[in-house]
Amino acid sequence: MGQELFGHDTEFNLQFAAALVNTAPSSGQGGARGPGGAGRSGGHGVDLLASQDELDAFCDRWEVTGSRTHDAAELLAVQRLRPALREAWSLDRDELAGWINNMLHRHRALPQLVRHDGWDYHFHATDADRPVAVRSALDVAMALAELVRAGAQDRLRVCDAGDCDDVFVDLSKNAARRFCSTRCGNRMAAAQSRARRRAG
Ligand SMILES: [Zn+2]
Ligand SMILES: [Zn+2]
């Protein structure tokens, strides 16, 4: 991955947040669906986190550890976290700081250094026995706090493709990333060259 702008766990949790937000049904198509940004085709008016199996697969993919209840309430809580997280993508620095403080306060963050599953010491925002939606919300809030501290909240971007409203975190050196995925980038480049051919 080259040099990182932020700590590994911060970048990981930011990308986790974007991936979680992007599982929600949207009007767009294309989009980043995992750590590798592999696209899923077709308009995703579908919820990609609609079942217990999909939640399990998502948690596996993002190496979510800690307690799980595997019931409907857990799934609903994670689904409901998505619009709250998406909101972070639309806030200015002061608003985002308030959003983070509210999240940390409401869910009673209890930051702690832990070492597990081959990962060296890193922060968990609360205890491992809290519900997965709460742990996710707090881990993301802590990661977003790093963006605010660095004045880098503009790294939270929405895809520039006209038919995609997926969110992403621009962790590139020059902060010039416009699309959520190479899939959207390629589609827009193709559309642009078609338009040029028509014009010329
Ligand atoms: Zn961990
Ligand atoms: Zn996109």
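Which residues does His-124 touch, not counting residues up to four places away in sequence? In this predicted model, the list runs to Thr-65, Leu-110, Pro-111, Gln-112, Val-114, His-116 and Asp-139, where touching means having heavy atoms within 4.5 Å. Residues are numbered from 1 along each chain as its sequence is written, with chains lettered from A and ligands numbered from 1 in the order in which they are written. Because the model is predicted, local features need pLDDT of at least 70 and side-chain atom pairs count only at pLDDT 80 or more, while totals for chains, interfaces and linings use all residues; side-chain values rest on heavy atoms, with hydrogens and water left out.

His-124 sits in strand S2, residues 119-124; strands (E, at least two residues) and helices (H or I, at least four) are DSSP runs, numbered from the N terminus. With a relative accessible area of 17%, His-124 is buried; the cut-offs are under 20% for buried, over 50% for exposed and in between for partly exposed, using a 1.4 Å probe and protein chains only. One of its contacts, Gln-112, lies 12 residues away along the chain, and the two C-alpha atoms are 5.4 Å apart.

His-124 also has a metal to hold. Its NE2 atom joins those of His-116 and His-122 in coordinating the zinc ion (ligand 1), at 2.0 to 2.1 Å. Donors here are N, O and S atoms within 2.8 Å of the metal (3.2 Å for Na, K and Ca), and water is not among the atoms, so sites may look incomplete. Along the sequence, the donor spacing is H-x5-H-x1-H. His-116 counts as partly exposed, at 21% relative accessibility.

The other zinc ion (ligand 2) is held by the SG atoms of Cys-159, Cys-164, Cys-180 and Cys-184, at 2.3 to 2.4 Å. These four donors subtend angles of 105 to 114 degrees, so the arrangement is tetrahedral, a label that requires all angles to lie between 85 and 135 degrees. Their spacing reads C-x4-C-x15-C-x3-C. Cys-159 and Cys-184 link distant parts of the chain, 25 residues apart: Cys-159 is in the loop between strand S3 (156-158) and strand S4 (167-169), and Cys-184 is in helix H6, residues 182-199. Both Cys-159 and Cys-184 are buried.

Away from the metals, there is one cavity of 30 Å³ or more, and the largest cavity has a volume of about 60 Å³. A cavity is a set of points on a 1 Å grid over the protein atoms alone where a 1.4 Å probe fits but cannot get out, and lining residues have an atom within 4 Å of a point. Points are joined across faces, edges and corners, and the volume is the space filled by probe spheres set on them. Helices H1 (8-21), H2 (52-61), H3 (72-88) and H5 (132-149) each supply at least two lining residues. The lining includes Phe-16, Leu-55, Val-78 and Ser-136.

Two loop residues have a curious backbone. Most residues other than glycine have a negative phi. His-70, in the loop between H2 and H3, has a positive phi near 55 degrees and is partly exposed, at 43%. Asp-117, between strand S1 (112-116) and S2, has a positive phi near 45 degrees and is exposed, at 61%.

Methods
On a 1 Å grid over the protein atoms alone, a cavity is a set of points where a 1.4 Å probe fits but cannot get out, and a pocket is an open set with protein on both sides within 12 Å along at least five of seven lines; lining residues have an atom within 4 Å of a point. Four donors count as tetrahedral if all angles lie between 85 and 135 degrees; four count as square planar and six as octahedral if opposite donors are over 155 degrees apart and all others between 65 and 115; anything else is irregular.
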